[in-house]
Amino acid sequence: MIYPDSFELKTGFNQIRQMLKSRCLSIPGKSLAESVAFSADYETIGKLTGQVAEMVYIQRFIGNFPAQDYYDLSAELSRIKLPGTFLDTESMAELRLSLIAITEIIKYLNRLKSEDYPQLKAIGNLPLPEQSIITEIDRLLDEKSEIRDKASEKLFNLRKEIGKKSSGVDKRINQIMSESRKAGILQEDTSLTIRNGRLVIPLPASNKRKLSGFVHDTSATGQTVYVEPAEVFEINNEIQNLKVEEKQEITRILIEFANFLRPYADNLGDYYLFLGEIDFIRAKAMLAIEIDAVKPELVQNPLIEWRKAIHPLLMLSLKQQGRKIVDQDISLDSTNRIMVISGPNAGGKSVCLKTAALLQYMLQCGLLIPVSSDSKAGLFSKIFLEIGDEQSLENDLSTYSSHLIHIRHFIENADQNTLILIDEFGAGTEPQLGGAMAEASLGSLHQKGCFGVITTHYTNLKLMADKFDGIFNAAMLYDTHAMQPLFKLSPGKPGSSFAFEIARKIGFPEDLLNVASSKISQSQLDFEKQLAQLEVDKKYIEQKKADLKAADDTLANLVARYEKLLHDLETRRNEMLKEAKIKAKELLDNSNRLIENTIREIKEADARKEVVKQLREKIDAAKEDFAESIDELSVTPPLLSTENPDKVKDSEPQGPLKKGSFVKMEGQESIGRIEEIKGKQVTVYFGSVKLRTTTDKIVAAGRAEIRTWEANQRFSKPGTGVIHQLNDKMADFKMSIDIRGKKAEEAKEMIARYIDQAILLRVNEVRILHGKGDGVLRNLLHSYLRDVQEVVKYEDESLERGGHGVTLVYFH
């Protein structure tokens with residue numbers, strides 16, 4: 001049930017209906033747009049919105065949907081059911097074009113996958129219309145929609161004879177013209193003309209008896225007569241008789257075609273109903289694309305959970321002015337059923353209410369609505385609206401009387417599946433009495449369990465949220481610094497009317513404002529001030545919350561990246577140590593083999609002096625090679641030294657202390673560099689910290705410690721370190737890429753590089769747009785993702801956001 005009868009006019013749905021009609025290409029489509037009606041059936045709304053959502057996807061991402069020649073021949077087909085009747089050639093041409101359009105639409109729908117387009121596939125599950133009809137029309141009509149000469153043998157002969165005789169007439173009359181000029185009967189500039197469909201010669205009236213023939217006409221002055229020569233006259237009569245026979249033959253051919261078409265008439269009527277339905281779905285999809293509408297998640301119970309809802313008509317109007325509309329989050333559920341909106345005049349209360357009314361009605365008429373794709377929407381069996389001035393001089397009704405009649409209807413008919421929408425509840429009479437009536441009425445409606453959106457300035461209605469479960473306040477936000485409305489709905493707290501603030505902004509006399517303030521109770525003033533202050537505090541807190549969330553997200557990303565970096569560094573360090581140990585073991589094995597061989601050779605040579613000397617030189621050379629190899633490793637293998645084999649070279653101090661030496665404070669691990677040394681006084685830089693001390697309090701750092709310190713410095717150096725590079729990469733990283741139009745090898749390279757960056761930066765989810773086409777890029781991407789261990793899963797995007805043309809990838 002929709003109330004009142006003027007609901008569509010008040011909400012602006014009549015304009016939506018006209019927009020739908022203007023986008024329809026056929027008369028049946030326009031009729032469906034004109035007859036679109038409210039429904040509360042869940043299955044019906046699901047089917048209708050599903051059809052439109054699928055068509056929107058086709059129009060946006062696939063394209064080439066047949067959209068021309070939507071002619072409706074239903075009336076003509078009904079007319080030729082009577083024997084002896086026939087279609088004219090223009091109707092036959094339109095029949096041919098419309099049947100081709102229907103054929104192309106059915107073929108297009110048959111190419112779609114049932115799992116992706118279940119609703120449209122169900123509509124298009126039809127056999128093709130009888131193709132012999134198209135073939136027969138092609139045989140009978142030419143490109144100009146005229147009957148072909150070869151439509152029948154008789155017609156061919158008749159037209160051939162007409163052409164032959166017409167050619168003879170033209171030739172003979174031109175000869176007569178030439179002879180008449182030579183005889184002086186005609187002037188030299190005289191030319192042939194047509195009268196009564198015949199070629200005639202214009203003659204001076206004085207010469208009309210000099211040329212034998214039939215006078216068809218006389219000029220207005222009577223000085224010129226139009227004569228058809230006698231011998232041509234007879235031939236033209238023969239031609240006229242042939243044309244009558246031609247017309248009769250054409251009629252016979254058309255009747256014969258009608259007889260051929262008649263058995264298919266009823267079946268073709270069903271195809272034109274199908275064409276009208278497709279036309280209407282296409283019109284709804286085109287409107288949805290224009291207003292950026294989607295299909296929200298439908299639920300069977302009454303519910304409004306809209307995100308970023310906008311009023312489509314206001315959006316289009318502002319768009320023409322180069323302005324943007326402010327979207328709204330509107331929620332009504334079983335816990336918070338009735339929203340009481342308050343706030344300043346011209347702050348957007350009524351627009352918010354009209355948005356709720358229009359979008360819910362559009363949805364239950366099978367249209368998509370302009371909300372975000374994560375919105376949810378339920379269905380209501382009744383929608384009641386009270387808005388605007390409905391004075392009636394005829395019925396002696398005032399504005400307030402009309403208001404009360406509507407409210408009474410609401411109270412008498414509302415139930416748990418009703419959505420009520422009341423603008424300026426209780427207005428139109430003395431405020432105290434009107435407020436009391438509104439409070440009592442709202443209490444009664446609350447008991448009915450209905451849902452609603454109500455706008456008001458009355459304080460007692462704002463306070464009802466504290467008394468009744470299910471009623472809650474919402475405010476239209478107002479910028480108290482710029483003193484202008486923000487047109488944004490904010491649920492939770494009531495809004496102030498800002499009457500005095502607005503008056504001051506427009507320059508209202510201050511003395512009058514003081515007088516007005518003195519006439520209001522202090523408690524009322526305090527209440528308004530508290531509301532205004534709440535508005536300011538709420539805006540400040542929301543801003544701080546946003547800032548904190550942004551900071552928290554940034555910190556969380558940094559921590560995750562640093563943890564990943566630390567893990568990678570630790571892994572690399574362990575790998576390097578493992579490699580170094582293996583290398584050191586090889587060096588030790590080689591050195592042991594060298595010593596054993598040397599001892600054996602000394603024994604075999606009976607310790608001859610020259611042999612021992614050569615072997616000693618060989619050992620020294622090997623020592624130098626081993627030392628160089630050890631310096632390349634970050635490990636400490638034992639030295640091949642006979643003096644002190646237990647020492648480790650990396651732990652040795654680097655000679656006497658001097659400027660540039662690396663040192664440590666006794667008992668500390670931090671390494672610094674000597675900047676200046678004077679006697680026992682030394683200046684050391686530990687990072688950016690400058691320290692003066694004495695030489696007895698510092699010790700030289702070992703080589704391994706120095707190498708570790710230098711490595712850390714490289715990692716932490718601003719602008720060149722790994723952390724800085726990761727920060728740069730994260731700042732430049734995009735959460736989606738587009739590989740459409742790329743060749744397979746190029747696309748594979750892009751995918752691999754992009755996935756590697758996402759894994760390195762610890763991104764949780766990315767979006768890859770590859771289009772549908774023949775599926776080559778999609779298959780290539782999915783094949784690659786199957787082999788990437790870090791990928792948890794991948795799936796197609798939702799239908800509204802790209803379906804099979806987009807893949808979402810999720811990581812560990």
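How many nonpolar, polar and charged residues are in the lining of the second largest cavity? Keep that question in mind as we walk through this structure, which is a predicted model.

Let's begin with the empty spaces. The model holds two cavities of 30 Å³ or more, and the second largest encloses about 30 Å³ of space. Around it you will find Tyr400, His403, Leu404, Ile407, Phe425, Gly426, Met437, Ala438 and Ser441. Two helices, α14 (399-413) and α15 (431-447), each give two or more residues to this lining, and α14 gives the most, with four. Now we can return to the opening question: six of the lining residues are nonpolar, three are polar and none is charged.

Next, look at helix α8, which runs over residues 131-140. Its buried residues are Ile133, Ile134, Glu136, Ile137 and Leu140. Why do they line one face of the helix? If you look down the axis of α8, these buried residues fall within an arc of 165°, so they line one face. They pack against three other helices: α6 (89-110), α10 (230-261) and α11 (265-290).

Helix α11 also appears in our last stop, the nonpolar cores. The largest of these cores has 104 residues, and Leu95 and Trp306 have the most contacts inside it. To this core α11 gives the most, with 13 residues. Try finding Trp306 in the model: leaving aside residues up to four places away in sequence, Trp306 touches several others, including Ile330, Leu359, Ile369 and Val371. The contacts of Trp306 also include Asp329 and Lys376. Finally, a second, separate core has 21 residues, among them Ala747, Ala758, Leu777 and Val809.

Definitions and conventions: Residues are numbered from 1 along each chain as its sequence is written. This is a predicted model: local features need pLDDT of at least 70, side-chain atom pairs count only at pLDDT 80 or more; totals for chains, interfaces and linings use all residues. Side-chain values use heavy atoms; hydrogens and water are left out. On a 1 Å grid over the protein atoms alone, a cavity is a set of points where a 1.4 Å probe fits but cannot get out, and a pocket is an open set with protein on both sides within 12 Å along at least five of seven lines; lining residues have an atom within 4 Å of a point. Grid points are joined across faces, edges and corners, and a volume is the space filled by probe spheres set on the points. Ala, Val, Leu, Ile, Met, Phe, Trp, Tyr, Cys and Pro count as nonpolar, Asp, Glu, Lys and Arg as charged, and the others, Gly among them, as polar. Buried means under 20% relative accessible area, exposed over 50%, partly exposed in between (1.4 Å probe, protein chains only). The arc is that of the directions from the helix axis to the C-beta atoms. Contact means heavy atoms within 4.5 Å. A nonpolar core is a set of buried Ala, Val, Leu, Ile, Met, Phe, Trp, Tyr and Cys residues joined through side-chain atoms within 4.5 Å.
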